[in-house]
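Here are a few exercises to work through with the model open on your screen. Try each one yourself before reading the solution.

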Amino acid sequence: MASTHGRQPMSFRGRFESRLCWLYSHDSGGHLMSIAICRVALMFLILGADSTGNEASAAQGDKAPEGWTAGASRDEIRPTLTYNAKGGRDGKGAFVILQDEREGLHGYWQKTFPVKGGEYVHFQAWRKINDSVLVPRQSASVRILWRDAQGKNVPQDEPAAAGYLIGWSPTSEAEHPTDKQTDNHGWTEVSETYRVPSKATQAIVSLNGQWAPNGIIEWSQISFESVPQPKSRLVRLASVHHRPTGKSAEENCREFAPFIEQAAAQKVDLIVLGETITVVNTNKSFVETAEPVPGPSTDYFGQLAKRHDMYIVVPILERDKHLVYNVTVLMGPDGKIVGKYRKTCLPRGEIERGISPGHEYPVFETRFGKVGMMICYDGFFPEVARELTNKGAEVIAWPVWGCNPMLAKARACENQVYIVSSTYEDIKRNWALTAIYDHSGEPIVHAKDWDTIIVSEVDLNKRLKWNSLGDFKGELPRHRPVVK
């Protein structure tokens, strides 16, 4: 054996990567290497080969675990589907989908699991992708179909959203587990818990790889297990229908204290106040009432939030150096600022007053779930609420001076998110409502009189099923288009 001068013999993977580097440095044509070599290179690097140079095993892949099959809707769009017994997040196996340079390839690994109607099951898989998979939410997804013993679709147990597709017999539609956390090695958890339809005896699980030229998608550690019924995740949401009458920012802030006290008596978790409360009826300008964050108004509501053990959405004007923003601040039950949102969509009047737009769409973790915020004119455009829900918002707080009420319904329905609005409009004007909107876009409750609060308890774990769509909230990220 040739001497290695004290070094360990290079593994096959190491030798192969060295050869790729040599090809790169000697490519006088400027094309790096042929597409064919690239394809083989991807296969070797993903599947790997042992240190003895078992190239044939790497190229052909290992035998997949029992019950798993590879497939595609059409052979001409079928990518390379292979299994690596030593791959994956734990080194115990990975289902691999390799796509070439062509557009529109789609393949999957599939297995049928036995299930029992009425039970709860938890699906989990871990996914890893390369840089060529530009839209993993679309290109690397999981689909679950519920079927009876004959392989036929089964009825949907839950009532569908009322008033739509009247006369339709609801059936159980495809489920789409959602992306969760990503570990330090680039593996993303894809998981969800479901109630099995009562007539279902089997679940068909598909691990997909699609629409990602030169993409590499690996699936690992797949589990599909019975679990206890999940607990409800109840949250009590509230909004104030009050137009301040004070002559100063301080007076206006203090007018909301009784409403917050009423909400606390009803054990509210989050309450939303009206837009720019520090300027309304003060005869002062936006710029004159602008203050730093943190500042006197957030300090005041921080004390109330801590005293009443709740989250308070506080809309004010913020000054940051030479800039003034229309902002909402989320105060936490510890009395501290959880975060703030600067209004991104500015109407003509605010632009003329010298207000500056924000550029970010933050979503904040609370003890009950994820909260996003938007302000008034933001609601006229779908992008703000969409960006917030893209980032996981389950509740959107919406202080709004006035807005077309149909848009409130649209933002809630199209994103399958709860929206809590607080407005300065009288209900008789048929404009924006102080209301809490559910996933169907309908107000669960709305204020009918001035100087009142509205309260509703919702379950953030409850799914709304739609005729022909099923759980549209789970489907949204998988089918939502990419906008450039």
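**Exercise 1: the two sides of a helix**

On the other side of α6 from its buried residues, Glu261 and Ala265 are exposed (over 50% relative accessible area, 1.4 Å probe, protein chains only). Before going on, note that this is a predicted model, where local features need pLDDT of at least 70, side-chain atom pairs count only at pLDDT 80 or more, and totals for chains, interfaces and linings use all residues. Residues are numbered from 1 along each chain as its sequence is written, and side-chain values use heavy atoms, with hydrogens and water left out.

Task: find which residues of α6 (257-265) are buried, and what covers them.

Solution.
- Step 1. Helices here are DSSP runs of H or I with at least four residues, strands are E runs of at least two, and both are numbered from the N terminus.
- Step 2. Pick out the residues under 20% relative accessible area, the cut-off for buried: Ala257, Phe259, Ile260 and Ala263.
- Step 3. These residues sit on the same side of α6 because they cover an arc of only 160° around the axis, taken from the directions from the helix axis to the C-beta atoms.
- Step 4. Look for contacts, meaning heavy atoms within 4.5 Å. The cover includes β11 (234-241), α5 (249-255), β12 (270-272), α8 (296-308), β13 (311-320) and β22 (452-459).

**Exercise 2: an aspartate in a loop**

Task: work out where Asp451 lies and what Asp451 touches.

Solution.
- Step 1. Find the loop between β21 (443-446) and β22; Asp451 is there.
- Step 2. Asp451 counts as partly exposed (from 20% to 50%), because its relative accessibility is 44%.
- Step 3. Leaving out residues up to four places away in sequence, Asp451 touches His241, His242 and Phe259.
- Step 4. Zoom in on His242: its side chain makes a polar contact with the side chain of Asp451 at 2.6 Å. Such a contact is a pair of N or O atoms within 3.5 Å; within protein, one must be able to donate a hydrogen and the other to accept it, and residues adjacent in sequence count only if both atoms are side-chain atoms.

**Exercise 3: backbone oddities**

Task: find where a cis peptide bond turns up, and what phi Asp309 takes.

Solution.
- Step 1. Recall that most residues other than glycine have a negative phi, and most peptide bonds are trans.
- Step 2. Val293 and Pro294 are joined by a cis peptide bond, with omega about 0°. Pro294 is in the loop between α7 (286-289) and α8.
- Step 3. Asp309, in the loop between α8 and β13, has a positive phi near 55°.
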